[in-house]
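Biologist: Could you take me through one part of this model closely? I would love a look at the salt bridge and its surroundings, with enough of the whole protein to place it.

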Amino acid sequence: DLMRALKMSAAAEGSSAGTVQLIKNFYATHGLKGFATQGVVPEMLRATYMRVLKFFLFPITHKAMYGIPETKGSGLSKAIAAGVASLPEGFTIQPIEVAKISLQLDKEKKFNNSTTA
């Protein structure tokens with residue numbers, strides 16, 4: 001995810017730097033700690049939040065929509081309930097995604113990888 005963000009940033013700036021050069025530049029700017037704080041940790045938090053929310057809301061949504069537990073629902077009812085249960089995830093993940101990308105692309109250390117992103 002971090003490499004994707006770095007590649008996209010480089011392309012937007014018109015740079016043709018290769019992957020190795022992008023990694024060297026990132027390391028020079030953020031150090032080894034940056035790979036965790038701006039790479040792995042934000043992505044793990046986002047992915048964990050998404051899955052917890054989705055799997056917590058699915059049975060509640062199915063029961064609210066159809067009046068039966070998801071274990072007794074049809075494939076179609078489960079698919080529809082899963083789609084509806086995914087909506088809050090989409091609405092709430094957007095600010096987290098923007099903050100994550102802001103931290104990953106923070107070349108000037110404007111946010112200093114703090115909670116002010």
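Modeller: Happy to; I will begin with the overall fold, move to the salt bridge, and then visit some other spots.

This is a predicted model, so a word on confidence comes first. The mean pLDDT of the protein is 80, and 84% of its residues reach 70 or more. Among the elements, α3 has the highest mean pLDDT, at 86, while α1 has the lowest, at 72. It helps to keep those two values in mind as we go.

As for the fold, the protein has three helices and zero strands, so reading from the N terminus the order is α-α-α. Helix α1 covers residues 2-12, α2 covers 19-66, and α3 covers 75-104. Of the 117 residues, 28% count as buried. Among contacts between residues at least 6 apart in sequence, 52% join residues at least 24 apart.

Now to the part you asked about. The structure holds one salt bridge. Its partners are Glu89 and Lys54, whose closest N and O atoms are 3.5 Å apart. The pair links distant parts of the chain, with Glu89 in helix α3, Lys54 in helix α2, and their positions 35 residues apart in sequence. As a general point, side chains of opposite charge can pair when their charged atoms come close.

The two partners differ in how they are covered. Glu89 has a relative accessible area of 8%, and because buried means under 20%, Glu89 counts as buried. Lys54, at 27%, is partly exposed, because that value falls between the 20% and 50% limits. Leaving out residues up to four places away in sequence, Glu89 touches Met50, Leu53 and Lys54. So the salt-bridge partner Lys54 is also one of the residues in that contact list.

Let us move along α2 to His62, which is found in that helix. At 0% relative accessibility, His62 is buried. Beyond its neighbours within four places in sequence, His62 is in contact with Gly67, Ile68, Pro69, Glu70, Gly73, Ser77, Lys78 and Ala81. Helix α3 spans residues 75-104, so Ser77, Lys78 and Ala81, which are among those contacts, fall within that helix by number.

Turning to the outside, the protein exposes about 7,500 Å², and carbon and sulfur atoms supply 67% of that area. A nonpolar surface patch of about 740 Å² is made by Met65, Tyr66, Ile68, Leu76, Ile80, Val84, Leu87 and Phe91. Both α2 and α3 supply at least two residues of this patch, and α3 gives the most, with five. Tyr66, one of the patch residues, lies in helix α2. With 34% relative accessibility, Tyr66 counts as partly exposed. Ile68 appears in this patch and is also one of the contacts of His62.

Finally, a stop at α1, where Ala10 lies. Ala10 is buried, with a relative accessible area of 5%. Setting aside neighbours within four places in sequence, Ala10 is in contact with Ser15 and Leu22. The C-alpha atoms of Ala10 and Leu22 are separated by 8.2 Å, and the two residues are twelve apart along the chain. Please read this corner alongside the confidence values, as α1 has the lowest mean pLDDT among the elements, 72.

To return to your request, the salt bridge joins Glu89 of α3 to Lys54 of α2, with Glu89 buried and Lys54 partly exposed.

Notes: Residues numbered from 1 in each chain as written. Heavy atoms only, no water. Helix = DSSP H or I, 4+ residues; strand = E, 2+ residues; numbered from the N terminus. Buried < 20%, exposed > 50% of the residue type's maximum accessible area, 1.4 Å probe, protein only. Contact = heavy atoms within 4.5 Å. Areas by Shrake-Rupley, 256 points an atom, 1.4 Å probe, with all protein chains shown as cover. Patch = residues over 30% accessible without salt bridge, like charges linked within 9 Å, V, L, I, M, F, W, Y side chains within 5 Å. Salt bridge = Lys/Arg side-chain N within 4 Å of Asp/Glu carboxyl O. pLDDT = per-residue confidence, 0-100.
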